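Welcome! Here is a short briefing to help you find your way around a new structure. Please take a look at it first, and then read on.

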Amino acid sequence: MRIFKNHPLLKLVNSYLIDSPQPSNLSYLWNFGSLLAVCLIVQIVTGVTLAMHYNPSVLEAFNSVEHIMRDVNNGWLVRYLHSNTASAFFFLVYLHIGRGLYYGSYRAPRTLVWVLGVIIFVLMILTGFLGYVLPYGQMSLWGATVITNLMSAIPWIGQDIVEFIWGGFSVNNATLNRFFALHFILPFVLAALALMHLIALHDSVGSGNPLGVSANFDRLAFAPYFLFKDLITIFIFIFVLSVFVFFMPNVLGDSDNYVVANPMQTPPAIVPEWYLLPFYAILRSIPNKLLGVIAMFGAIMILLAMPYTDLSRSRGIQFRPLSKIAFYIFIANFLLLLVLGAKHVESPFIEFGQISTVIYFAHFLIIVPLVSLLENTLVELSITKSHKG
């Protein structure tokens, strides 16, 4: 064990994975970080393997993916691992963010950790979108055309930006090459940011805990207790992922993407992957194109407002019943947006989308500050009454 504490590089590993002091009352909700690290490693390994056989050309992209699936040894396994782990990655990120919102992980002194997490989330969305375009099926082509065309809403320079992204006047070879290069590079940027996220957490007061109070008096070393706790959820994750990969690999995908891209034929409904549907629903619920684009990006960036709009005197909402109700309404509304994002743009889905969008933004900007101020007042009144009693 002495080598772990004296070696310059192993000393760092030791301080993060072996001797790192963690609050003794951490629940399994704190395991999402390690699961996300597993997802990132799987994505990088499978992504690099797929890149060896992929051809980023309008004429050959679709065929090269089919070649991977049919001719490359275990190519089908690598491809299905890559696509299904992408869905798992986003599912776990939403759980991770939800846990952070519930337990107040965004509050000082962990604000930098939260900001880095939001930046990672934005880059994940970009990486996921770029990857969705690469198979060059019908949904890939039209998804790329619709989403990149959103930039044309920017006044004066919008159309120029779109043509710069495309590398021409439509989605073509240049577009595929650029998307492929960026999709290959960004996971390594994500890995660097994830390391910064971890360093920021380590250099603040460390992990929070379910009680929201200081845990400096009752801590345990990361190994072996938390290491084995992480391994339990990693094994469960591998089992669930295997069920998807081996028994229903396309259940989360779109059948239109198994049809080669045709610029002359539009699919009946153009929808992104399931994990981007809530933001797509917000985009579509606003009739003005520019305002829709701003709202879609704002829906992600508004997470950065939480350290400033949560005015409660206690960390987290585990002992705040009104905030709990507001939180669960927010979760239900987010799931409704996910469902609405896949619906056709028609009544009553448009109206439901508009109401849900208002509730989404109101949660961060109005409901959270008002409810936290109300709870502060109720706590003060109860303290005053107890003193008088």
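A cavity here is a set of grid points where a 1.4 Å probe fits but cannot get out, and its lining residues have an atom within 4 Å of a point. With that in mind, the second largest cavity is lined by 14 residues, and Met 306, Ile 317, Ser 323, His 363 and Val 368 lie nearest its centre. Please note that the model is predicted. The points below cover the cavities and then three histidines that a UniProt record annotates.

**The second largest cavity**

- The volume of the second largest cavity is about 150 Å³.
- Helix H14 (321-340) and helix H15 (349-388) are the elements that give two or more residues to the lining of the second largest cavity.
- H15 gives the most to this lining, with 5 residues.
- Sorted by class, the lining of the second largest cavity has 10 nonpolar, 2 polar and 2 charged residues.

**The largest cavity**

- In total, the structure holds 4 cavities of 30 Å³ or more.
- The largest cavity has a volume of about 910 Å³.
- Its lining is made of 43 residues, and those nearest the centre of the largest cavity are His 82, Ser 83, Gly 131, Tyr 132 and His 183.
- Two or more residues of the lining come from each of helix H3 (32-51), helix H4 (61-70), H5, helix H6 (111-133) and H9.
- H5 provides the largest share of the lining of the largest cavity, 9 residues.
- By class, the lining of the largest cavity has 26 nonpolar, 13 polar and 4 charged residues.

**His 82 and His 183**

- An unreviewed UniProt entry gives the annotation "binding site" to His 82 and His 183.
- These two residues span 102 residues in sequence, yet their C-alpha atoms are no more than 12.7 Å apart, so they gather at one spot.
- Both His 82 and His 183 belong to the lining of the largest cavity.
- His 82 is found in helix H5 (residues 75-103), while His 183 has its place in helix H9.
- Buried means under 20% relative accessible area, so His 82 counts as buried at 16%, and His 183 is buried at 17%.
- Leaving aside neighbours within four places in sequence, His 82 is in contact with Gln 43, Thr 46, Gly 47, Leu 50 and His 183.
- With the same neighbours left aside, the contacts of His 183 are His 82, Thr 127, Leu 130, Gly 131 and Leu 134.
- A polar atom of the His 183 side chain lies 2.9 Å from the backbone oxygen of Thr 127.

**His 202**

- The unreviewed UniProt entry also places the feature "binding site" at His 202.
- His 202 sits in helix H9 (residues 173-203).
- Is His 202 buried or exposed? At 31% relative accessibility, His 202 counts as partly exposed, because that term covers values between the 20% and 50% limits.
- Beyond its neighbours within four places in sequence, His 202 is in contact with Ser 15, Tyr 16 and Ser 20.
- With Ser 15, the backbone oxygen lies 3.1 Å from a polar atom of the side chain of His 202.

Notes:
Residues numbered from 1 in each chain as written. Predicted model: local features only at pLDDT ≥ 70, side-chain atom pairs only at ≥ 80, totals over all residues. Heavy atoms only, no water. UniProt positions renumbered as here; feature names shortened; annotations may be inferred. Helix = DSSP H or I, 4+ residues; strand = E, 2+ residues; numbered from the N terminus. Buried < 20%, exposed > 50% of the residue type's maximum accessible area, 1.4 Å probe, protein only. Contact = heavy atoms within 4.5 Å. Polar contact = N/O pair within 3.5 Å; in protein donor to acceptor, adjacent residues only side chain to side chain. 1 Å grid on protein atoms, 1.4 Å probe; cavity = no way out; pocket = protein on both sides within 12 Å on 5 of 7 lines; lining within 4 Å. Points joined across faces, edges and corners; volume = space filled by probe spheres on them. Nonpolar A, V, L, I, M, F, W, Y, C, P; charged D, E, K, R; others polar.
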